[in-house]
Amino acid sequence: MQVLKFGGSSVANAVHISKCIHIIQKAVEKDKTIVVVSALGGITDSLLHCAVAASAGDETYMDSLKAIEQRHLDAVRELIPVTSQSSILSMVKKTCNELEDIFKGIFLLRELSTRTKDHVVSFGELLSSRIISAGLAARDIPNNWKDSRHLIITDSRFGHAMVDFPATQKKIDAYFQTGPVNLYIVPGFIASDASGTTTTLGRGGSDYTAAIYGSVLNCRGIEIWTDVSGMMTADPRLVSNARVIPDISYQEAMELSHFGAKVIYPPTLQPVMNKGIPVWIKNTFAPADPGTLIEKVSSTTGSIIRGISSIHRIALLSLEGSGMIGIPGFSKRLFEALSRQQINVILITQASSEHSICVGVDSSQASMSKVSIDEAFATEIQTGTVLPLIVEEELAIIALVGDNMKSHPGISGKLFGVLGRNGINVRAIAQGSSERNISAVISTKDVKKAVNVLHEDFFEATYKQLNLFVTGTGNVGRRLLQQLAQQKSFLLEHLRLQVRVTGLANSRKMLIQEEGIDLNNWQAELEKAEPMHLGSFLKIIHSKNLRNSVFVDVTANREVALGYEHLLQKSISVVACNKIASSSPYSYYRRLKDLSKEFNAAYFFETNVGAGLPVIGTLNDLLRSGDKIRKIEAVLSGTLNFVFNHYDGKTKFTDVVKQAQDEGYTEPDPRLDLSGTDVMRKIMILAREAGHAIEMEDISNNIFLPASCMVGSVSDFYRAMEKEELHFKKLYDAAAAEGKKLKFVAGYENGKASVGLQHVSPSHDFYHLYGKDNIVLFYTDRYPEQPLVIKGAGAGAEVTASGVFADIIRAANA
């Protein structure tokens, strides 16, 4: 014998019921079958709504009842041929008339007991099971309908009755031993107490009904037919790439169902577990899918973690006080206070110091819990040895479940590491000695992010999703977006990274698309977006709370740079092409570095020095490996190198600078480059990264631009340069007379930094530096005489964008 149970979504309407009948027909061909049926989807809630409305004196319950009746009549008319409808339509109307009488009594008395509630909601399963039985008969599939209230006996705990298994065993055995057919239809969820009064087995109890029949009759298997193809590794509403678990143990399934997996009702597995009866979770709408097999011992292959689940609406109750230390009985009194109010404890954790004990309960019971516990400890609270109960709400529990965790150390560390890197604070933790479950209490707003990042880390066949928020769509920003679009497939295939630009902004517009912006059409989409407001843009990034978020700054905007600290505090990584933050006062630079460590958020700014050259990364590698920087010499301005490589005393200096600007090598205001300010920032950043607290005013600048070039607008600057052509020619001629070249050199040694124009001889590393190249010489303990040299293109949108791209990948792997 086998048991098939169909849930509310599977029998929601005539079309769905027809699918169920097809499945039942095939099952009966193989073995004697019991079919357990839930109410039509949503009917139980509708019946409760009617009852509550009637008890409140709200006459609209009549309208709701008419809608319930009409829905069942429609199902009959669509499911059963006209010639066979009469008796079943009459049954529906008669049943609904009986319901109307009950509601009228509730309305008059303004009273709704748990006993009456059970009686009211039982009508949902009674109606649906009778309709399905008639539908089968109309298709010449013989079956017996039997009221479960005559077979399943419980106590009188209305709403969540406990089964009397010895009494139930006798009744079920007696009935099925004399049964004349191979197919039985029974309503789920409902039962009766010893006096014959209707009881229910708890919401979701139809699964439990199937398990009761299966266990008592020692069936060969139970199939739970629902609207998903099995138990999933995570809630598919939260995790888009969640997948079906092919097989799972009874204990794992119970843990997952207890912690929020709604596919199966938690008590269902208790009756079948001792007898080793397998349970299949199958999809009514995709019957060919294999589903999930729940059995005594699941396969040991696959992931260490079987699934990730969560419970929302949790309140954390904390009882604390010095008077608890070393005094026995506090836990007992706490749990007794909760038990008296029939409050279920979901999670327990206690500090080894015995100074505090925390329990998790449903948020709806938090107020009642506080009153009861404060009353139980009134004397201690009055004397100050125990504090009044602390209640924290808007929390949730996430749980990792898997039998295989016991033999694999490091799971807890990985769990907390993943949550920490994404800025998810853990309020409490719990793990049983079986090591089958690790639970953590977190903020409700972090649940989606937490489940997703855990799923990424523990189910390695999937990819890691990176959410980028890019500010700046100028030359470098455009190239970066092009490179991201070009490498999208490569990153997914080779690095298992799904990089998507979730936010995009420039000085005029800002665009947020959680599913990812189309990088082949970003300009048109951004143009239609809302006006840019930096504060709003940052708030949206915070509120979205997306996993693996990276803020990418490809602007030169001071306000944007000042926003980094707020991002890092939310564990949002920052990749900065913008030099302002790292070259701002040392206190702010240091604060950003410290926040990066404190909140496990990457802060990378490789392109601040040398564009795409690995200058800062190499410097940090030297320091991390134990080396010490003794001296730095560098040509750090691609713009200035380009200018002095092309200026020969014949072409006007103004024309060379204009060419550099036209080719994209200079800042919008070239004076930032030619004045040496940009180079000062860069050498300061390198000195700071080498471990020295240095400010801009500590750097000497041997500026070569005449004072007249430093006033007015950019146009005024170009006009002033033309007038100062003789000055620039003298600089060139002086160096040429010595057989040397002009190079704008930055240096750092013994705590002092300087920048300025120098005459460089042919024997120097800087002499053969062409185009827009940069070069950095690191003199260290390991490289005392022959320096470590980094040389290459130090300017240009393409190479700078590639440097930003590389930082993004580093942030993903941080």
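The following paragraphs describe the nonpolar cores, the cavity and several individual residues of a predicted model.

Because the model is predicted, local features were required to have pLDDT of at least 70 and side-chain atom pairs were counted only at pLDDT 80 or more, whereas totals for chains, interfaces and linings use all residues. Residues are numbered from 1 along each chain as its sequence is written, and side-chain values rest on heavy atoms, with hydrogens and water left out.

The largest nonpolar core comprises 78 residues, of which Phe-551, Tyr-564, Phe-653, Ile-683, Phe-704 and Phe-778 touch the most other members. Helix H25, spanning residues 677-689, gives the most to this core, with seven residues. A second, separate core of 42 residues includes Ile-212, Leu-256, Val-263 and Ile-294. Here a nonpolar core denotes a set of buried Ala, Val, Leu, Ile, Met, Phe, Trp, Tyr and Cys residues joined through side-chain atoms within 4.5 Å; buried stands for under 20% relative accessible area, exposed for over 50% and partly exposed for values in between, with a 1.4 Å probe and protein chains only. Helices (H or I, at least four residues) and strands (E, at least two) are DSSP runs, numbered from the N terminus.

With neighbours within four places in sequence left aside, Phe-551 is in contact (heavy atoms within 4.5 Å) with Phe-469, Thr-471, Phe-537, Leu-538, Ile-541, Val-560, Tyr-564, Leu-567, Ile-572, Ser-573, Val-574 and Val-575. One of these partners, Ser-573, belongs to strand E23, residues 573-576, and is classed as buried because its relative accessibility is 9%. Apart from residues up to four places away in sequence, Ser-573 touches Ser-549, Val-550, Phe-551, Ala-601, Ala-602 and Ala-811. The loop between helix H19 (564-568) and E23 contains Ser-571, a residue that has a positive phi of about 60° although it is not a glycine. Ser-571 is likewise assigned to the buried class, at 8% relative accessibility. Its C-alpha atom is separated by 9.8 Å from that of Lys-597, the two residues being 26 residues apart along the chain. Lys-597 itself lies in helix H20, residues 586-598, and counts as exposed because its relative accessibility is 63%.

A positive phi of about 60° in a residue that is not a glycine is also found at Asp-140, which is placed in the loop between helix H5 (114-138) and strand E3 (144-145). Asp-140 is exposed, with a relative accessible area of 70%.

The structure holds one cavity of 30 Å³ or more, and the volume of the largest cavity is about 30 Å³. On a 1 Å grid over the protein atoms alone, a cavity is a set of points where a 1.4 Å probe fits but cannot get out, and lining residues have an atom within 4 Å of a point; grid points are joined across faces, edges and corners, and a volume is the space filled by probe spheres set on the points. The lining consists of Leu-484, Lys-488, Val-499, Arg-500, Val-501 and Leu-519. Two elements, helix H15 (475-494) and strand E19 (497-505), give two or more residues each to this lining, and E19 provides the largest share, three residues. By class, the lining has four nonpolar, no polar and two charged residues, where Ala, Val, Leu, Ile, Met, Phe, Trp, Tyr, Cys and Pro count as nonpolar, Asp, Glu, Lys and Arg as charged, and the others, Gly among them, as polar. The C-alpha atom of the lining residue Leu-519 is separated by 61 Å from that of Glu-375, with their positions 144 residues apart along the chain. Glu-375 is part of helix H11, residues 366-376, and is exposed at 63% relative accessibility.

Two further buried positions were examined. Thr-154 lies in strand E4, residues 153-154, and is classed as buried because its relative accessible area is 5%. Its side chain makes a polar contact with the side chain of Thr-199 at 2.8 Å; such a contact is a pair of N or O atoms within 3.5 Å, and within protein one must be able to donate a hydrogen and the other to accept it, while residues adjacent in sequence count only if both atoms are side-chain atoms. Ala-660, found in helix H23 (residues 653-662), is buried with a relative accessible area of 0%. Beyond neighbours within four places in sequence, Ala-660 is in contact with Phe-642, Val-643, Tyr-665 and Thr-666.

Conventions. 1 Å grid on protein atoms, 1.4 Å probe; cavity = no way out; pocket = protein on both sides within 12 Å on 5 of 7 lines; lining within 4 Å.
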